[in-house]
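Me: I should like to go through the reasons behind the labels used for this structure. Please set each value against its criterion.

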Amino acid sequence: MTRPTSRAPAGLDRYAPVPTGEPLALAALLGDGRLSGGSPAVTDYEHALTRWFGVNYAVAVNSGTSALHAALHAVGATPGTEIIVPATAPPATAMPILTAGGTPVIVDVRRGALGLDLDDLQRVITDKTRAVISLPLWGYPTGDKDAAALLAQAGIPLIEDAAQAHGTRDAGELAGTIGGLGCFSTHDRKLLSTGEGGFVLTNNPELHQRIESWTRLGHLDGATHGVNYKLAAPLAVIGHHRLAHLAGQLATRRANAQRLLAALPADGVIRELGVPPGGSPNQYTLVLTADTPNPRFAEGLQSAGIAQDSRQYGYRPLYQRPLFARYARPCPHAEVLAASTYQLPTHPGLSPAALDWIAAHLADLAQGARP
Ligand SMILES: *Cc1c(COP(=O)(O)O)cnc(C)c1O
């Protein structure tokens, strides 16, 4: 194999925003003049979201964190209640638990996977448990349908933090539609972007009503407590416009991921993170893994200009962050996973030359990663 040239191409930022172009839609809104979260443009966007995801209700909000806080509020997370969250969670997943006044209870994932470890889950459920968060991190399906069934029997809601999982399929269903509540972010570095923003999906009319009212100041009826988490209309217009591009972008991401996977040696030492049956990642990023942490491989990617979450964001199990250290529990699977996952760009902005360059580097580094 020829050694790849060392000059890094443009576009290696794996979470780069993908420009689309919506000046006409925005100009029409500015002409209309109604720019607040109460504009009909926001309702139109919410309806478009329900159609895209095939759910009954969507509530647009001003961030993914607000979406999680609203979902937690709706299921009754208050001081004295416990919210179960996987150890793979970044702080943004768990901070809304603290905001709601609840206590995070950290649970391990299955070995080599993102799904909740059912044995550990059963160990941590108490009569104070108000909800469980499922996390399709990097847009990889969790296979948490089994957990959802177990929790449904116990009457405990499952909230999906699908902030990175627009278009991910899990057992054939879209992530964010598997539990009772699906929370999404539309921050600039997510697959559907409005700059800042988010939304909550549900099929449950009562939960919808509670979230809608809470995020809109209780509709100022003077009787109901609420917060103002509304999404401003210009952002809703951008989201509505970009939603129409999402399916095409997902197809390109999946094709780019296949192109990179084809460059890996067949020995499987470095391979794609496992996908449960019937699952399909959205390739927010292509995630590779190894049986044991391989710092040399991570270092090789990083120094080639392919940034790694472990370096760029200090990605690690939740309880290894000072803010969550007091909630630490032994989560050996999450620790191995955090140290042995590697991220590669797949976004639609990658040129064919950039893809070739990444594939060549990947082949070379994976070859060098063999024991
Ligand atoms: C981005 C993100 C959030 C927070 O979303 P914001 O819109 O930035 O508030 C929460 N959870 C996960 C997994 C995320 O990736």
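Me: Where does the ligand sit, and what makes that a pocket?
Reply: The ligand sits in the largest pocket. On a 1 Å grid over the protein atoms alone, a pocket is an open set of points with protein on both sides within 12 Å along at least five of seven lines. A molecule sits in a pocket if more than half of its atoms lie within 2 Å of its grid points. Helix H3 (64-74) and H4 are the elements that give two or more residues to the shell around the ligand; helices are DSSP runs (H or I, at least four residues), numbered from the N terminus.

Me: On what kind of model do these statements rest, and how are residues numbered?
Reply: This is a predicted model, in which local features need pLDDT of at least 70 and side-chain atom pairs count only at pLDDT 80 or more, while totals for chains, interfaces and linings use all residues. Residues are numbered from 1 along each chain as its sequence is written, and side-chain values use heavy atoms, with hydrogens and water left out.

Me: Which residues come nearest to the ligand?
Reply: Among the 14 residues around the ligand, Gly64, Thr65, Asp161, Ser185 and Lys190 come nearest. A residue is near a molecule if one of its heavy atoms lies within 4 Å of it.

Me: What makes the approach of aspartate 161 to the ligand a polar contact?
Reply: A polar contact is a pair of N or O atoms within 3.5 Å. A polar side-chain atom of aspartate 161 lies 2.7 Å from a nitrogen atom of the ligand, so the criterion is met. For threonine 65, a side-chain N or O atom is 2.3 Å from an oxygen atom of the ligand; for threonine 93, the distance to a ligand nitrogen atom is 3.4 Å.

Me: Why is threonine 88 called buried?
Reply: Buried means under 20% relative accessible area (1.4 Å probe, protein chains only). Threonine 88 has 1% relative accessibility and therefore counts as buried. Threonine 88 is found in the loop between strand S2 (82-86) and helix H4 (91-100), strands being DSSP runs of E with at least two residues.

Me: Why does alanine 67 receive that label, and what does alanine 67 touch?
Reply: Alanine 67, in helix H3, counts as buried because its relative accessibility is 0%. Leaving out residues up to four places away in sequence, alanine 67 touches Val61, Cys183, Phe184, Phe199 and Val200, where contact means heavy atoms within 4.5 Å.

Technical notes:
Buried < 20%, exposed > 50% of the residue type's maximum accessible area, 1.4 Å probe, protein only. Polar contact = N/O pair within 3.5 Å; in protein donor to acceptor, adjacent residues only side chain to side chain. 1 Å grid on protein atoms, 1.4 Å probe; cavity = no way out; pocket = protein on both sides within 12 Å on 5 of 7 lines; lining within 4 Å.
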